[in-house]
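Notebook open, model loaded. I wanted to look at the ligand site first, and then at the odd spots in the backbone.

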Amino acid sequence: MTRRAVVAGVGHYLPERIVPNSEFEATLDTSDQWIRSRSGIERRHIAAEGQTTSDMATRAARNALADAGLEPDDLDAIILATSTADLTFPSAATMVQAELGMTRGFAFDVQAVCAGFIYALSTANAMILAGQANRVMIIGAETFSRIMDWTDRSTCVLFGDGAGALILEAAKGKGTNTDRGVLSTDLHSDGRHKDILYVDGGVSTQTTGHLRMEGKEVFRHAVEKLAETATTALEKIGMTGQDVDWVVPHQANIRIITGTAKKLGLPMDKVVVTVQDHGNTSAASIPLALSVGKERGQIKRGDLLVTEAIGGGLAWGAVVLRW
Ligand code: ACO
């Protein structure tokens, strides 16, 4: 028997306020048509004034607990992926722990920008396989609206706020690719590319800063590296794109999503796409897509999923998972 980390529940939360592309036309030299055609984004949710990352994360976590039929104290750990935590410390994860009323276990944040959820998922899987935890809540939650330069049309139209959560729990498998749960992970980073996507502020500089990006350069790395990491993660367990039921990609840009699917040799009807409704929600985008994909009836128990993301660092990776 092989120990596996299997999905027990999923949930998400999106802030109430929806901002359509047309809203930017009043303040920026841009158009709905430009944003749609270059990014595939039609609208995004933006957190209310005073609404924080941990607040959205807690709501997504409650939805995942309800989906799994579990109570907060059934969890051993919370791992929260974010680059936009409420405070410098404590971690947003411990804030969620307190808000949920969870009085045991441990909680910490992971920071790998848009790849954060993939890093958190891999960490949770490793901890479960090592016997350090039996049940882990993995959350991706972001308020990227707070680090936008709202005068920079090349970045501010691309991002949104939101949160998604997934619960993994230990289960016994046969040790084959037919097992449910995480089957393979593949992580990378290359700090030499730190200047093409970053925030120009932080604790050491005593500013919050704004997101800065060389869009074309990021785009070029994204398609190449995402297809490569997804292929590697599949190859590690002797599988190919042909075995995949659903690709659940980081939702940054529809052109990156279609380019990656093409390189994997997969048609778009095998790709979960939410970018039109959420924009790029960084670490929240994959758990949001998993939750929405399940709600839509796309992702079903037993389906083989490959999920991949890339973000600032650059940091990127993929996870193969049987739902
Ligand atoms: N409205 C109108 N025009 C715009 C806008 C806008 N919102 N933004 C930029 N432009 C202009 C540019 O100024 C440029 O004008 P110029 O030719 O006069 O200089 C022109 O449009 C073309 O700009 P490009 O950068 O060539 O446009 P491109 O087709 O590359 O699309 C985009 C830009 C959407 C940013 C694209 O490069 C991209 O998506 N890159 C990936 C970035 C990304 O997704 N990052 C997210 C974080 S990392 C991740 O999650 C993968």
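**Ligand site, polar contacts**

I started with the ligand's nitrogen atoms and found one of them 2.6 Å from an N or O atom in the side chain of Thr30. Worth jotting down before I go on: this is a predicted model.

Next I looked at Gly215, where a backbone N or O atom lies 3.0 Å from a nitrogen atom of the ligand. For the ligand's oxygen atoms I checked His250, and a polar atom of the His250 side chain is 2.7 Å from one of them.

How much of the ligand does the protein cover? I got 75% of the 1000 Å² of accessible area that the ligand has on its own.

**Pocket and shell**

Then I asked which pocket holds the ligand. The ligand sits in the second largest one.

I listed the elements that give two or more residues to the shell around the ligand, and they are α1 (32-39), α5 (153-156), α6 (215-235) and α7 (254-264). The largest share comes from α6, with four residues.

I also pulled the residues that come nearest to the ligand: out of the 23 around it, they are Thr30, Arg38, Lys216, His250 and Asn253. So much for names; on to composition. The shell splits into 12 nonpolar residues, six polar and five charged.

Which domains feed the shell? Domain 1 (2-173) and domain 2 (181-322) each supply at least three of the shell's residues.

**Backbone oddities**

I turned to the peptide bonds and noted a cis one joining Phe89 and Pro90, with omega about 0 degrees. I placed Pro90 in the loop that runs between β4 (77-81) and α3 (92-100).

Another cis bond goes from Gly313 to Leu314, and I read omega near -10 degrees there. Leu314 belongs to the loop between β12 (304-311) and β13 (315-322).

Last stop was phi. I flagged Val113, a residue other than glycine with a positive phi, near 50 degrees. Where is Val113 found? I traced Val113 to the loop between β5 (106-110) and α4 (116-129).

Definitions and conventions. Residues are numbered from 1 along each chain as its sequence is written. This is a predicted model: local features need pLDDT of at least 70, side-chain atom pairs count only at pLDDT 80 or more; totals for chains, interfaces and linings use all residues. Side-chain values use heavy atoms; hydrogens and water are left out. A residue is near a molecule or strand if one of its heavy atoms lies within 4 Å of it. A polar contact is a pair of N or O atoms within 3.5 Å; within protein, one must be able to donate a hydrogen and the other to accept it, and residues adjacent in sequence count only if both atoms are side-chain atoms. Accessible areas come from the Shrake-Rupley method with a 1.4 Å probe; for residues, only the protein chains shown count as cover. On a 1 Å grid over the protein atoms alone, a cavity is a set of points where a 1.4 Å probe fits but cannot get out, and a pocket is an open set with protein on both sides within 12 Å along at least five of seven lines; lining residues have an atom within 4 Å of a point. A molecule sits in a cavity or pocket if more than half of its atoms lie within 2 Å of its grid points. Ala, Val, Leu, Ile, Met, Phe, Trp, Tyr, Cys and Pro count as nonpolar, Asp, Glu, Lys and Arg as charged, and the others, Gly among them, as polar. Domain bounds come from an automatic or database domain assignment.
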